[in-house]
Amino acid sequence: MTKDKSAPSEQIAIADNLELRDLTAALAAGWADFRAQPVYGLFFAAIFVVAGILLSYVLFTRGELTWLIPAAAGFPILAPFTAVGLYEVSRRSEAGLPLSWSSILGAVRGRGDEQILSMGVIIFVAFGFWVIVAHVVFSVALVEAGAGSESLAFLLTETGIIMLLVGSAIGGIMALAFYAITLVSLPMLVDREVDFLTAIIASLRAFKSNKVILLAWACFIAISLFLAMLPGLLGLFIILPVLGHATWHLYRRLVG
């Protein structure tokens, strides 16, 4: 399945009749893919988990609470890019193609045109922007509450609660925006020869056409990732691969 890069995004057919049963079917297919090829899922989950632990360790040991909490809250933004290799595992399994580390790891290069890497840059810039914005909100709240940067007690104050509400609102809007542009675009860049702008537009069209169901999927992802991160990020070894494979199957339902 290939696509000329000059083709407008309007020519990419997008399903507009997604149902809840499609979400459960995608989850079941994602779980089946993970069980069939667990080593790849565990590998990519390990990269995500180790990076999160190292980031948290460095910031915690330096006493940078005002950076640690925003970084931890925004870290899931990077998950879609980490899942690119999982999309390739599902794609090759679906097509009956052989699996190898070279082909799976090479998926990050896309089809040799660096379109996926361009998307990766956008995602990492978004993560950095979120951390800076959240850091500013957090720092202002600390000053307002008269708390030290090493104190968590201020979170229980009126100022701390307001800060959490404001930060959550800003973070939720940003997370939803990047969910909408990456849900279809990253799997599509693995699957087809399109430029990343075309893929982003197709992803936004898919979200607009199936808003209610895809909002439900977004909530499920957010809750799953949050719960998986509680036990020292260890739950991500299961949740991240399953969601990654499931996203591929949802993409196939949307753009198949």
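Helix 2 supplies the largest share of a nonpolar patch on the surface of this predicted model, namely three residues. The patch covers about 420 Å² and is made by Val39, Phe43, Ile47, Trp101 and Leu105. Two helices, helix 2 (38–61) and helix 6 (101–105), each supply at least two of these residues. Phe43 may serve as an example from the patch, and its place is in helix 2. The relative accessible area of Phe43 is 33%. Because residues count as partly exposed when they fall between the limits of 20% and 50%, Phe43 belongs to the partly exposed class.

From this patch one may turn to the chain as a whole. The protein chain contains twelve helices and zero strands. Reading along the sequence therefore gives the pattern α-α-α-α-α-α-α-α-α-α-α-α, in which each symbol stands for a helix. The chain has 256 residues, and 46% of them count as buried. Its accessible surface comes to about 12,300 Å², and carbon and sulfur atoms account for 69% of that area. Contacts show how the chain is folded upon itself: among those between residues at least 6 apart in sequence, 76% join residues at least 24 apart.

The confidence of the prediction should be kept in mind while reading the model. The mean pLDDT of the protein chain is 82, and 83% of its residues reach 70 or more. Confidence is highest in helix 1 (residues 20–36), at a mean of 96, and lowest in helix 3 (residues 65–74), at a mean of 66. Over residues 1–6 the pLDDT is below 50, although this stretch has 16 contacts in the model beyond near neighbours in sequence.

Charged side chains offer the next point of interest. Side chains of opposite charge can pair when their charged atoms come close. A search of the whole structure finds seven such salt bridges. One of them joins the side chains of Arg21 and Glu19, with a distance of 2.7 Å from N to O. Arg21 counts as exposed, at 59% relative accessibility, whereas Glu19 counts as partly exposed, at 35%.

A second salt bridge joins the side chains of Glu88 and Arg92, with 3.3 Å from N to O. Both residues lie in helix 5 (residues 84–95), and they are four residues apart, about one turn of the helix. Here the surroundings are buried ones: Glu88 has a relative accessibility of 5%, and Arg92 has one of 14%. Each of these values is under 20%, so Glu88 and Arg92 both count as buried.

A further salt bridge links Asp191 with Arg192, the closest N and O atoms being 3.9 Å apart. Both of these residues are buried. The pair also belongs to a network of salt bridges that links Glu94, Asp191, Arg192 and Arg252.

Helix 5 also holds Ser90. At 1% relative accessibility, Ser90 counts as buried. Not counting residues up to four places away in sequence, Ser90 touches Asp33, His245, Trp248 and His249. These partners illustrate contacts between parts of the chain that are separated in sequence.

Another serine, Ser185, is found in helix 9 (residues 185–191). Ser185 is buried, with a relative accessible area of 0%. A polar atom of its side chain lies 2.3 Å from the backbone oxygen of Ile181. Leaving aside neighbours within four places in sequence, Ser185 is in contact with Met119, Ala199, Ile200 and Ser203.

The final example is Phe226, whose place is in helix 11 (residues 211–229). Phe226 counts as exposed because its relative accessibility of 53% is over the limit of 50%. Phe226 and Leu236 are ten residues apart along the chain, and their C-alpha atoms are separated by 9.3 Å.

Methods. Residues are numbered from 1 along each chain as its sequence is written. This is a predicted model: local features need pLDDT of at least 70, side-chain atom pairs count only at pLDDT 80 or more; totals for chains, interfaces and linings use all residues. Side-chain values use heavy atoms; hydrogens and water are left out. Patches are made of residues with over 30% relative accessible area and no salt bridge: like charges are joined within 9 Å, nonpolar side chains (Val, Leu, Ile, Met, Phe, Trp, Tyr) within 5 Å. Accessible areas come from the Shrake-Rupley method with a 1.4 Å probe; for residues, only the protein chains shown count as cover. A salt bridge is a side-chain nitrogen of Lys or Arg within 4 Å of a carboxyl oxygen of Asp or Glu. Buried means under 20% relative accessible area, exposed over 50%, partly exposed in between (1.4 Å probe, protein chains only). Contact means heavy atoms within 4.5 Å. A polar contact is a pair of N or O atoms within 3.5 Å; within protein, one must be able to donate a hydrogen and the other to accept it, and residues adjacent in sequence count only if both atoms are side-chain atoms. pLDDT is the predictor's confidence in each residue, from 0 to 100.
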